Amino acid sequence: MDLQIVMTTEQLEAAKQIRQHVFVEEQGVLLADEFDDHDVLDAPCVHVLIYYQQQPAGTGRWRTVDGTAKLERICLLPEYRQYGLGRILIQGLEQQAIAEGLRHFQLHGQSQAAPFYEKLGYRIFSAEFLEDGIPHVWMIREVGE
């Protein structure tokens, strides 16, 4: 298992392909809704890829929003969901944000994934809402200084 910051066009394309498979093909999110202005190498965010046996297995990104690190677009390909990569992916995103001085985290987690995030210290901070037609909750986490 290896977590890498996306630095090349090839890595960014791999991340986008994973997101297209999971969010668009598997979950039915509209292609136009999945990708945004942050999906370029020089965007004000950090994209990561997690590898399993040298294969891109998942991705996520974080960006600063209102003084917090907002974790976004977190997903794993179905065949890699049983190896604990999700926890490593979230912890890696958080560690990068902590290195930039951030201690507060937020994310819009799919409601079905809320128990996973709660195990990692996140707490639900909103009523359920729809995002791209999928039930979500806003979740937050703070880490000590």
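Let's start inside the fold, at Ala69. Leaving aside neighbours within four places in sequence, Ala69 is in contact with Trp62, Arg63, Ala97, Leu102, His104, Phe105 and Gln106. This alanine sits in strand β4, and with a relative accessibility of 0% it counts as buried. One of its partners deserves a second look: Phe105 is 36 residues away along the chain, yet the C-alpha atoms of Ala69 and Phe105 are separated by just 4.7 Å. Keep in mind as you look around that this is a predicted model.

Now zoom out to the whole chain. The protein has 4 helices and 8 strands. If you walk along from the N terminus, you meet them in the order β-α-α-β-β-β-α-β-α-β-β-β. How wide does the C-alpha trace span along its principal axes? About 35 × 35 × 30 Å. The radius of gyration tells a matching story: a compact globule of 145 residues would come out near 15 Å, and this chain has 14 Å, so the two agree.

What about the inside and the outside? Of the 145 residues, 47% count as buried. The accessible surface adds up to about 7800 Å², and carbon and sulfur atoms own 51% of that. Pairs like Ala69 and Phe105, far apart in sequence but in contact, have plenty of company. Among the contacts with a separation of 6 or more, 58% are between residues 24 or more positions apart.

Next, follow the charges. There are 12 positive and 22 negative side chains in the protein chain, and the centres of the two sets lie 5 Å apart. How many salt bridges does a search of the whole structure find? It finds 12. One of them joins the side chains of Arg73 and Glu34, at 3.3 Å from N to O. Arg73 belongs to strand β4 (residues 68-76) and Glu34 to helix α2 (residues 31-34), so this pair ties together parts that are 39 residues apart in sequence. The two ends are covered to unequal degrees: Arg73 is partly exposed, with a relative accessible area of 21%, while Glu34 is buried, at 2%.

Another salt bridge connects Arg61 with Glu72, and here the closest N and O atoms are 2.8 Å apart. Because Arg61 lies in strand β3 (residues 55-65) and Glu72 in strand β4, this pair ties together parts that are 11 residues apart in sequence. Are these two residues buried or exposed? Arg61 counts as buried at 1% relative accessibility, and Glu72 is buried too, with a relative accessible area of 6%.

Glu72 has a further partner. Lys70 forms a salt bridge with Glu72 as well, with the closest N and O atoms 3.3 Å apart, and both of these residues are buried. Put the pieces together and a network of salt bridges appears, linking Arg19, Glu34, Asp36, Asp39, Arg61, Arg63, Lys70, Glu72 and Arg73. You have already met Arg63 in another role, as one of the contacts of Ala69.

From there, move to the turn of the chain between β2 and β3. Where does Gln53 sit? It is found in the loop between β2 (46-52) and β3, and Gln54 lies in that loop as well. Check their backbones: phi of Gln53 is near 50°, a positive value in a residue other than glycine. Gln54 has a positive phi of about 65°, and it is not a glycine either. Both side by side face outward in terms of accessibility: Gln53 counts as exposed at 59%, and Gln54 counts as exposed at 72%.

Finally, look towards the end of the chain, at Pro135 in strand β8 (residues 134-142). Its relative accessibility is 33%, which counts as partly exposed. Which residues does Pro135 touch, leaving aside neighbours within four places in sequence? They are Gly109, Gln110, Ser111, Glu128, Phe129 and Leu130. Gln110 is 25 residues away along the chain, and the C-alpha atoms of Pro135 and Gln110 are separated by 5.9 Å.

Terms used:
Residues numbered from 1 in each chain as written. Predicted model: local features only at pLDDT ≥ 70, side-chain atom pairs only at ≥ 80, totals over all residues. Heavy atoms only, no water. Helix = DSSP H or I, 4+ residues; strand = E, 2+ residues; numbered from the N terminus. Rg over C-alpha atoms; globule rule 2.2 N^0.38 Å. Buried < 20%, exposed > 50% of the residue type's maximum accessible area, 1.4 Å probe, protein only. Contact = heavy atoms within 4.5 Å. Areas by Shrake-Rupley, 256 points an atom, 1.4 Å probe, with all protein chains shown as cover. Lys, Arg positive; Asp, Glu negative; His and termini not counted. Charge placed at Lys NZ, Arg CZ, Asp CG, Glu CD. Salt bridge = Lys/Arg side-chain N within 4 Å of Asp/Glu carboxyl O.
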